Amino acid sequence: MSAWLEITDLHANVGDKPILKGLSLSINAGEVHVIMGPNGSGKSTLSNVLCGDPRYEVTAGAVAFKGRDLLTMNVEERARAGIFLAFQNPIEIPGVSMSTFMKYALNAKRKAAGLKEYDAVSFMKHIKIRAQALEITDEMLKRPVNVGFSGGEKKRLETFQMAVLEPDFCILDEMDSGLDVDAVKVAGNGVKIMRSPERSFLVISHNIGFLHEQIRPDYVHILVNGRVVENGGAELLDEVRANGFARFQKGTAA
Amino acid sequence: MAEDKISALDAVSGDAYKYGFVTDIEAETAPKGLNEDIIRFISAKKGEPDWLLDFRLKAYRHWIGLTEPRWAKVDYPPIDYQDIYYYSAPKSAKEPKTLDDVDPELLKTYDKLGVPLHERAMLAGVAVDAVFDSVSVATTFREKLAKQGIIFCSISEAVKAHPDLVREYLGSVVPYTDNFFACLNAAVFSDGTFVYIPKGVRCPMELSTYFRINAKKTGQFERTLIVADDDSYVSYLEGCTAPQRDENQLHAAIVEIIVKDRAEVKYSTVQNWFPGDKDGKGGIYNFVTKRGLCAGYKSKLSWTQVETGSAVTWKYPSCVLKGDYSTGEFYSVAITNNYQQADTGTKMIHLGKNTSSTIISKGISAGRSQNTYRGLVRVAPAADNARNFSQCDSLLIGDKCGAHTLPVMVDGNPTASVEHEATTSKISEEQLFYCRQRGLGAEEAVSLIVNGFCKDVMQKLPMEFAIEATRLVAVTLEGSVG
């Protein structure tokens with residue numbers, strides 16, 4: 001019986017350069033997993049590959065998500081199936097308001113699921129509650145996507161999008177980076193609100209404090225040179241805080 | 001608005017050019033080719049007075065000596081002007097008195113196009129002077145407008161009913177000597193629309209004309225004349241669809257607008273004529289002369305256009321700012337895909353004191369298309385304190401298309417201020433990935449990004465046009481990614 005998300009011996013390249021070199025990982029519904037690792041170990045590549053970013057090439061391995069072969073699905077099919085990536089660097093879309101953007105996205109997902117598309121009223125209802133919970137103002141919803149927002153606001157808006165789209169599997173790529181203490185709390189709060197037995201998280205971060213206090217993972221994985229080299233619980237966070245990645249890097253040099 | 005966009009996108013997710021059908025109506029055509037006899041035939045057919053026949057003949061004699069302009073950045077095979085029919089009229093529609101007299105085939109066509117006739121027109125609050133090929137076949141709301149003294153009818157009718165007005169203004173802004181295509185139009189124009197708004201009258205509804213090119217090998221030579229008298233206001237909408245076919249079709253229209261003291265005219269166009277197929281075969285040649293004269297004190301003329309169609313577009317809606325404190329505006333979205341070529345822009349001619357003009361141009365190129373903005377801002381020596389602001393933005397989709405910006409500024413007055421800003425950008429892979437990661441399909445993402453890029457202009461369109469325009473963006477860009 002394979003897990004809810006089962007990554008098996010995954011290899012992926014950027015151009016000709018191999019980044020993931022046989023990565024395996026299982027995640028079950030409702031679990032929160034953290035991935036840590038030195039720079040260049042493939043953390044962001046993993047999140048982009050799971051989302052189907054066409055700039056990466058999968059050369060070997062398999063990914064099953066809720067019993068489906070994820071690797072045969074394109075970017076939007078994966079998104080509609082419930083995979084969400086909170087971007088490390090959210091992208092600007094000039095002239096398109098966040099609420100318009102979310103309406104397109106939400107209805108694309110609902111349509112794919114055979115649900116009735118939201119009309120203006122039910123959509124506004126849907127986003128209003130979530131905006132309030134995450135301290136997103138009406139003004140922020142009217143402004144173009146990620147244009148002219150501070151780093152903290154952008155990350156908050158990523159969390160907001162996650163709350164609006166209610167994905168089953170959330171990948172958070174350094175969502176705490178560049179945030180001040182309060183902003184980290186708001187971002188973390190979004191994850192707390194979103195936690196449920198049906199939803200899983202994969203969190204990439206270097207910030208042990210954030211992971212400990214806000215994320216509280218069930219599992220921690222250490223990624224080195226494109227492979228998971230150590231699996232454990234939250235106690236691994238303390239080891240990394242104390243000793244860095246030195247122990248895990250031994251014997252795994254490229 | 002957002003909701004409209006979504007349903008609009010759904011409506012067009014099907015195949016290429018949904019308006020590509022040909023209505024089967026027997027046309028009564030003049031023989032092929034152009035000579036003085038043909039012009040006499042057209043004039044006689046329409047029962048025109050001598051002065052108008054003279055106008056046509058003068059234009060024709062001038063045209064014979066002209067050469068087709070080739071300075072635009074467009075490329076098309078030579079046009080054989082003797083291989084074109086210059087007059088055709090739907091046979092059954094000679095003198096329709098009411099909508100019941102109109103050929104049902106024709107009404108069905110309008111139905112498919114979504115022209116708001118009957119109750120739909122009433123609901124939409126739009127008066128329609130529908131032009132089918134060369135003869136106006138149905139006009140609604142005229143009585144209501146007539147109560148306020150507004151004249152809204154075909155040019156042919158206006159020539160009969162209001163000869164003095166037509167004679168005074170026809171050719172006063174675009175003289176037949178203006179350019180090759182305008183001259184050809186003056187000689188052979190078939191029909192079009194005449195609008196007169198009397199002094200102090202604010203037209204209570206948006207006036208709308210739907211053009212449709214139909215009969216095979218028929219050049220279309222529309223002529224529109226709009227006169228807004230002192231302190232009046234009118235918003236005019238022009239929208240176009242054409243059936244799909246293989247042969248290129250020539251279209252050389254003229255729009256003339258006269259805006260008097262403190263009057264305001266808003267002229268909006270959504271143009272989606274058949275652009276040719278994916279390989280660049282077929283499509284309309286659109287060579288249009290559009291110009292307005294802000295004749296009086298504080299006259300205001302605003303052009304808004306969304307150009308998505310035609311194989312070749314050659315079009316520069318312009319404002320002559322003669323009256324002191326008059327204002328000219330040009331808001332344009334031009335989208336080209338596949339092998340389309342667009343050379344479009346505006347001319348703002350500042351003659352009066354304290355005149356001001358604004359130009360916002362958004363060009364989007366996809367496929368192997370070429371999209372050129374060509375603009376002229378000229379400040380005459382007497383135009384003290386003239387002001388112009390121009391912004392020309394280009395967006396490229398893919399790497400086989402081209403965007404060109406050719407702004408010309410001639411500033412003859414030291415107190416004038418002329419500003420120009422230009423940007424060129426590309427839809428990035430990051431943007432596409434971001435949108436798709438949120439569940440949008442690639443084409444939907446492109447259409448959303450493009451609509452965002454054009455937002456400043458789309459907002460200038462009347463509501464119902466904005467919806468159609470948004471839908472057109474999606475249709476035009478189909479197949480531009482992936």
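**A helix pair in chain A, then the A–B interface**

Let's start inside chain A of this predicted model. Six residues of α3(A), namely Met98(A), Phe101(A), Met102(A), Ala105(A), Leu106(A) and Lys109(A), meet Leu157(A), Phe160(A), Gln161(A), Val164(A) and Leu165(A) of α6(A). Sort that contact by class and you get 9 nonpolar residues, with 1 polar and 1 charged.

How do the two helices sit against each other? Two packed helices are described by the angle between their axes and the distance between the axes. Here, α3 (residues 98-112) and α6 (residues 151-165) of chain A pack at about 35 degrees, and their axes lie 10 Å apart. The crossing of α3(A) past α6(A) is right-handed.

Now step out to where the chains meet. Chain B puts 25 residues in contact with 38 residues of chain A. Together the two chains bury about 2,800 Å², and carbon and sulfur atoms account for 63% of that. On chain B's side, look for Phe433(B), Tyr434(B) and Arg438(B): they supply 29% of the area that chain B buries against chain A, more than any other three residues.

There's polar chemistry here too. The two chains share 3 salt bridges, and Arg436(B) and Glu76(A) form a salt bridge through their side chains, at 2.5 Å from N to O. Residue pairs in polar contact between the chains, both at pLDDT 80 or more, come to 12.

Which helices of chain B each supply at least two residues to the side touching chain A? They are α1 (2-11), α10 (429-437) and α11 (442-453). α10(B) gives the most, with 8 residues. By class, that side of chain B has 11 nonpolar, 5 polar and 9 charged residues.

Terms used
Residues are numbered from 1 along each chain as its sequence is written. Chains are lettered from A and ligands numbered from 1 in the order in which they are written. This is a predicted model: local features need pLDDT of at least 70, side-chain atom pairs count only at pLDDT 80 or more; totals for chains, interfaces and linings use all residues. Side-chain values use heavy atoms; hydrogens and water are left out. Contact means heavy atoms within 4.5 Å. Buried area is the accessible area (1.4 Å probe) that two parts lose on being put together, summed over both. A salt bridge is a side-chain nitrogen of Lys or Arg within 4 Å of a carboxyl oxygen of Asp or Glu. A polar contact is a pair of N or O atoms within 3.5 Å; within protein, one must be able to donate a hydrogen and the other to accept it, and residues adjacent in sequence count only if both atoms are side-chain atoms. Helices (H or I, at least four residues) and strands (E, at least two) are DSSP runs, numbered from the N terminus. Ala, Val, Leu, Ile, Met, Phe, Trp, Tyr, Cys and Pro count as nonpolar, Asp, Glu, Lys and Arg as charged, and the others, Gly among them, as polar. Axes are lines fitted to C-alpha atoms, for helices over the stretch in contact, and angles run from 0 to 180 degrees between N-to-C directions. A crossing is left-handed if the near helix is turned anticlockwise from the far one by less than a right angle, and right-handed if clockwise.
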